Amino acid sequence: MNKTFDYKVVDEIIDELGNRQSAVIAILQNIQEHYRYLPKEVFPYLSKKLGISQAKIYSVATFYENFSLRPKGKYVIKVCDGTACHVRKSIPILEKLRKELGLSEMKTTTDDLHFTVETVSCLGACGLAPVLTVNDKVYPAMTPDKATGLLNGLKEDK
Amino acid sequence: MKTNNYMLIDGMPVEINGEKNLLELIRKAGIKLPTFCYHSELSIYGACRMCMVENQWGGLDAACSTPPKAGMAIRTNTRRLRKYRKMILELLLANHCRDCTTCNNNGKCKLQDLAVTFNIERVRFPNTAAKPKIDDSSYCITRDQNKCILCGDCVRMCNEIQNIGAIDFAHRGSKMIISTAFDQPIASSPCVGCGQCAAVCPTGAIVVKNDKKKVWEALDDKNAKVTVQIAPAVRVAIGRELGHANGENAMGKIVAALRRMGFDEIYDTSTGADLTVLEESNELLKRLEAGAAMPLFTSCCPAWVNYCEKNYPELLPHVSTCRSPMQMFASVIKEQNKTSGRRPVHVAVMPCTAKKYEAVREEFKTDGVPNVDYVITTQELIQMIKESGIVFADLEPEAVDMPFGTMTGAGVIFGVTGGVTEAVLRRLTSDKSSTSLMSIAYQGVRGMEGIKETTVMLGERELQIAIVNGLKNACDLIERIKTGEHYDFVEVMACPGGCINGAGQPFSSLKEKEKRGKGLYSADKLSNIKRSEENPLMMSLYSGLLKGHVHELLHVRYKAGTKEEN
């Protein structure tokens, strides 16, 4: 087990949600909320605490698309590619963002860990299509140019 | 039929007698319904859909996960079902490697078998099988993820029976695989090498590591003196694939076959077990006298030792310092052949996959050379016999070699759960009559139950004994011990039923497995010496070869250094 990793955060989360096997998804969600991904170090620790095998926790973490095993950027940009957003041209927005940040379908996070760009299937905001979110803040009626502007604003912010 | 508690299977009335699911009832009625993911010992998964049956309303039910009800009428062989089963097989074959002739599981594969049974002459879909993805990091098993059909048998075996959880499903949908955490090599996972996953795997996705080639090479080497020992459990499991009944003691024929194959000296691991009985009884007595912390755990089973090291390192001081019978015997044989003009090579034929790892452990090397050079499993021996062209059924039984050729019934029963305990009790009890021998046998040490408990009087003292098989049961017992329950002696065997059901043995049903245990008990009955201390060889060993070397040759201290690292 990694000695430099601080397990205090994990302990607090487990205390809050209860040291129960059935709480594993909620625990993983809170861990991800804190670190923006699931660090490898928490797996053996959780396994011991909850009495679930690491392989089983890995199974849960890889089953749900929402869990990430790779570090995500400070700003997670989710471009909606549901039917409504898609027909209102969400793909050019996605492509523009990827191009500006040097990302692709396989590489979703910038090396400086500032930006992650991914797609979601529907944000339930079809009336605002095409829509994207940055760390859960919703940006409606986007265009590729507006996306560039948004990106520049975020870059100054960091 | 007086009872109303029956149902119709293919028009035949069949009585329902507490069967948990339709599948059991259908098989009881003599119908061979195909399955991939059903094992009576494991939980029901219902994934493979091969056991679908048609009910009276034309609906389809998975027989494994439908409880039988009085008045039900089902059909197991209709046009629709045949079509579906073929379709399932075709879809499985569509992304499965079909190089059967070079597969390690050729001839033992359920997918191959069912493809033949259902007459799959052609697969309509393009073959999308990926290239083999081999993980051969383990000394015990080899995995090829791309031969996996996702039946989950291995996952449930590893989790439910062995409580290890080294592997599980990962990812989802068409990307789903069986994987260790983070897809790390199996050797760096919590795997203990028991191989039970390979035993239940219906395809070649998990197979037992193959070491035959190295043994052939040793046999071909004129400068090598190749000695071999055969574990007790091997003799009762080998026969079925070579033209004998399951459970039949084929020791004499195994010896004959090995001699023809060119082994120089052939011995019986039961002799090593006799050494273990003497050493372990001594250790138990010493601990009792010294008032040491109890219980004493047995150490014969290498998968259990691995499990203890990885999960309960704090219990290692409770694990007997006795080497396993294989290792005790190997040190004696190697010591004897030390001065041989030829390079001594020692081979062990085992029912076990974890022994392959035990053999390469640093603790069991002398000057960097393993005491047991190669371990082959029963299945590998069967293949070697077939490869040699030996007609096993026609062999005349032969006896093992001297000078280490005497063994006792106590050593032979090591191969079945409870056997070690029974052998130790025979040694410890002061009453050496044959009635005492019988009474030990009926004191609850025999039988296939997962956890057995018994109390035995040793002089004035009442000994609390527990016998467990299956690592989940071992874990349950350890938790009970931690909460304060007292035991003096605990026998642990990782495989359900003991070594007779080791993963190196030919795979068989639960009933067939019990026959193997019976086979060992009848071998014990036939033996003319039943107690290890009465083995004349023991006396000559202790006053000869072992004199002054008992600790060095027969004992070991496992270090808690192999804890899981991440």
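This briefing walks through the layout of chain A, the nonpolar cores, and a set of salt bridges and individual residues. The structure is a predicted model. Chain A has two assigned domains, while the largest nonpolar core, with 112 residues, has Phe263(B) and Trp304(B) as the members that touch the most others. Across all chains there are 40 salt bridges, and several of them are worth a visit with the viewer open.

**Chain A at a glance**

- Let's start with the secondary structure: chain A contains 7 helices and 4 strands, and these follow the order α-α-α-α-β-α-α-β-β-β-α from the N terminus.
- Domain 1 of chain A covers residues 8–63, and domain 2 covers 75–157.
- Measuring between centres over C-alpha atoms, 29 Å lie between domain 1 and domain 2 of chain A.
- Along the principal axes, the C-alpha atoms of chain A occupy a box of roughly 50 × 30 × 25 Å.
- Of the 158 residues in chain A, 46% are buried.
- Among contacts in chain A with a separation of 6 or more, 63% are between residues 24 or more positions apart.
- Chain A exposes an accessible surface of about 8,700 Å², and carbon and sulfur atoms account for 51% of that surface.

**Two spots to look at in chain A**

- Ile25(A), Phe63(A) and Tyr64(A) make up a nonpolar surface patch, with a combined accessible area of about 240 Å².
- Within this patch, Phe63(A) belongs to helix α4, residues 54–63, and its relative accessible area of 33% makes Phe63(A) partly exposed.
- Ser68(A) sits in the loop that runs between α4 and β1 (75–80) of chain A.
- Although it is a loop residue, Ser68(A) is buried, because its relative accessibility is 12% and the cut-off for buried is under 20%.
- Setting aside residues up to four places away in sequence, Ser68(A) touches Gln32(A), Tyr37(A) and Leu38(A).

**Nonpolar cores**

- In soluble globular proteins, nonpolar side chains tend to be buried together.
- The largest nonpolar core here counts 112 residues, and Phe263(B) and Trp304(B) touch the most other members.
- Helix α7 of chain B, residues 251–261, supplies the largest share of this core, with 7 residues.
- This core lies between domain 2 (122–208) and domain 3 (213–554) of chain B, because both domains give residues to it.
- Beyond neighbours within four places in sequence, Phe263(B) is in contact with Val215(B), Leu219(B), Val226(B), Val228(B), Leu258(B) and Val347(B).
- Another core, of 25 residues, lies apart from this one, and its members include Ile13(A), Ala23(A), Ile57(A) and Val60(A).

**Salt bridges in chain B**

- Side chains of opposite charge can pair when their charged atoms come close.
- Glu398(B) and Arg259(B) form a salt bridge in which the closest N and O atoms are 2.6 Å apart.
- That pair connects distant parts of the chain, as Glu398(B) is in the loop between α12 (378–388) and α13 (409–412), Arg259(B) is in helix α7, and 139 residues separate them.
- Both partners are partly exposed, with relative accessibility of 33% for Glu398(B) and 29% for Arg259(B).
- Asp524(B) pairs with Arg446(B), with 3.9 Å between the closest N and O atoms.
- Asp524(B) is in helix α17 (residues 510–526) and Arg446(B) is in the loop between α15 and β18, so this salt bridge ties together parts 78 residues apart in sequence.
- Here Asp524(B) is buried, at 3% relative accessibility, whereas Arg446(B) is partly exposed, at 29%.
- Asp476(B) and Lys472(B) form a further salt bridge, with the closest N and O atoms 3.0 Å apart.
- These two are 4 residues apart in helix α16 (residues 471–482), so about one helical turn separates Asp476(B) from Lys472(B).
- Asp211(B), Lys214(B), Lys356(B) and Glu380(B) are joined into one network by salt bridges that share partners.

**A loop glycine in chain B**

- Gly447(B) lies in the loop between α15 (434–445) and β18 (451–458), and Gly447(B) is partly exposed, with a relative accessible area of 26%.
- From C-alpha to C-alpha, Gly447(B) is 8.9 Å from Val416(B), and the two are 31 residues apart in sequence.
- Other than neighbours within four places in sequence, Gly447(B) is in contact with Thr417(B) and Lys452(B).

Terms used
Residues numbered from 1 in each chain as written. Chains lettered and ligands numbered in written order. Predicted model: local features only at pLDDT ≥ 70, side-chain atom pairs only at ≥ 80, totals over all residues. Heavy atoms only, no water. Domains from an automatic or database assignment. Patch = residues over 30% accessible without salt bridge, like charges linked within 9 Å, V, L, I, M, F, W, Y side chains within 5 Å. Areas by Shrake-Rupley, 256 points an atom, 1.4 Å probe, with all protein chains shown as cover. Salt bridge = Lys/Arg side-chain N within 4 Å of Asp/Glu carboxyl O. Buried < 20%, exposed > 50% of the residue type's maximum accessible area, 1.4 Å probe, protein only. Contact = heavy atoms within 4.5 Å. Core = buried A, V, L, I, M, F, W, Y, C linked by side-chain atoms within 4.5 Å.
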